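Biologist: Hey, can you walk me through this one? I'd like to hear about its hollows and its surface.

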Amino acid sequence: LYMGTIRTRYMSGEDERQYMIGEDYEIYEKRGAPTGATRIHHHDFYEVIYVMEGEFSSLVDNRTYHLKKGDFLLIPRNVMHNYHYVEGKHERSRRIVLWISKGMLERLGDGEMDLEGCFPEGGDCAYHFPLHYEEILRNLLVKAVMTEVPDLNGAEGKRIFDKAQLMLFFLYLNALCAGDSFYFAKEESVHHELVQKVNEYIEAHMSEAILLEELAEYVHMSKYYFLRRFKELTGLTVHSYLNNKRLIRACEELKKGIPVGEVWGVCGFMDYSSFLRNFRKEYGMSPTSYRAYLEQGDRQG
């Protein structure tokens with residue numbers, strides 16, 4: 001299959017959306033530099049990026065990956081990441097972007113296989129597979145991103161077809177990722193020790209008030225150089241980054257069943273009103289509504 005000869009679901013590079021409209025999965029072709037979605041962010045679903053043509057770079061947690069044609073980037077849930085612009089490199093980039101929920105992967109595995117295993121926790125998340133395997137994975141993604149398939153009756157037939165392609169895709173992907181043979185070479189990514197150390201400190205002191213002076217001292221930098229360097233690497237202020245980390249932890253605690261009235265203290269917010277204001281701003285709902293949303297999903301599952 002050649003992408004130029006078929007119609008695909010397409011998302012503009014200017015589109016700022018970083019959330020799913022559907023509950024299960026979304027898959028798109030994107031072209032050029034994603035000028036509309038450059039802010040560092042996280043989401044409660046998995047993301048797969050496959051580079052079809054050109055180059056693409058992304059900061060994931062504490063490492064920047066420089067992807068080339070044929071490369072895969074597998075981004076876990078609730079991990080901070082953003083697009084990393086490299087001048088003159090990404091204008092001709094074409095890639096397939098797949099967003100898929102934890103629940104959808106569980107249903108595709110049908111209780112017989114854990115299809116979430118290909119998404120690493122704390123490890124490298126970029127892969128370059130041998131051409132034969134890459135073509136298998138590519139063709140499965142291309143079929144799923146097509147807007148229509150001849151001889152299928154309507155949207156429901158296409159959706160069942162798409163699910164079959166995604167099941168096969170993740171079966172192959174998990175088998176390939178089970179070993180460590182296809183990780184990126186070290187020279188194809190850049191490890192950012194500063195971001196790693198900031199993450200370590202935040203995780204160790206999450207329930208406490210964290211001062212900028214303390215962080216700067218921990219990474220052995222002056223406060224103002226630390227603030228400037230961190231913003232250069234992540235595109236976020238330290239305060240915003242810390243706030244995002246606290247909100248990620250809050251979602252995790254709510255999923256565990258921790259009462260809403262206790263979560264704000266566990267995550268280091270000064271008071272409940274501050275927690276509520278930040279949570280609503282990030283997720284568009286209150287923590288109580290989020291808890292109800294989780295419980296509804298459990299009942300449906």
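Biologist: Which residues lie nearest the centre of the second largest pocket?
Modeller: This is a predicted model, and in it those residues are Arg 77, Asn 78, Val 79, Glu 121 and Gly 122. They belong to a lining of 27 residues.

Biologist: What volume does that pocket have?
Modeller: The second largest pocket comes out at about 740 Å³.

Biologist: And which element gives the most to its lining?
Modeller: That's helix 7, with 5 residues. Helix 7 covers 238-256, and strand 4 (63-68) and helix 4 (193-204) also supply at least two residues each.

Biologist: How do the lining residues divide into nonpolar, polar and charged?
Modeller: For the second largest pocket you get 12 charged, 10 nonpolar and 5 polar.

Biologist: OK, cavities now. How many of 30 Å³ or more does the structure hold?
Modeller: Just 1. Its volume is about 180 Å³.

Biologist: How can you find empty space like that?
Modeller: You roll a probe the size of a water molecule over the atoms, and that shows where empty space is left.

Biologist: Neat. How many residues line the largest cavity?
Modeller: There are 17, and Gln 18, Lys 30, Glu 47, Ile 49 and Phe 56 lie nearest the centre. Strand 2 (46-53), strand 3 (55-60), strand 6 (81-83) and strand 7 (94-100) are the elements that give two or more residues to this lining. By type, the lining has 9 nonpolar residues, 5 polar and 3 charged.

Biologist: Switching to the outside: which residues make the nonpolar surface patch?
Modeller: Met 113, Met 167, Leu 168, Leu 171 and Tyr 172 make it, and it spans about 400 Å². Leu 168 sits in helix 3, residues 154-177.

Biologist: Why does Leu 168 count as partly exposed?
Modeller: Because its relative accessible area is 39%, and partly exposed runs between the 20% and 50% cut-offs.

Biologist: What about Phe 275, buried or exposed?
Modeller: Phe 275 is buried, because its relative accessibility is 0%. You'll find Phe 275 in helix 9, residues 272-283. Its C-alpha atom is 8.8 Å from that of Pro 287, which is 12 residues away along the chain.

Biologist: Last one: where is Lys 231?
Modeller: Lys 231 is in helix 6, residues 223-234. At 41% relative accessibility, Lys 231 is partly exposed. The C-alpha atoms of Lys 231 and Tyr 241 are 9.5 Å apart, with the two residues 10 apart along the chain.

Methods. Residues are numbered from 1 along each chain as its sequence is written. This is a predicted model: local features need pLDDT of at least 70, side-chain atom pairs count only at pLDDT 80 or more; totals for chains, interfaces and linings use all residues. Side-chain values use heavy atoms; hydrogens and water are left out. On a 1 Å grid over the protein atoms alone, a cavity is a set of points where a 1.4 Å probe fits but cannot get out, and a pocket is an open set with protein on both sides within 12 Å along at least five of seven lines; lining residues have an atom within 4 Å of a point. Grid points are joined across faces, edges and corners, and a volume is the space filled by probe spheres set on the points. Helices (H or I, at least four residues) and strands (E, at least two) are DSSP runs, numbered from the N terminus. Ala, Val, Leu, Ile, Met, Phe, Trp, Tyr, Cys and Pro count as nonpolar, Asp, Glu, Lys and Arg as charged, and the others, Gly among them, as polar. Patches are made of residues with over 30% relative accessible area and no salt bridge: like charges are joined within 9 Å, nonpolar side chains (Val, Leu, Ile, Met, Phe, Trp, Tyr) within 5 Å. Accessible areas come from the Shrake-Rupley method with a 1.4 Å probe; for residues, only the protein chains shown count as cover. A salt bridge is a side-chain nitrogen of Lys or Arg within 4 Å of a carboxyl oxygen of Asp or Glu. Buried means under 20% relative accessible area, exposed over 50%, partly exposed in between (1.4 Å probe, protein chains only).
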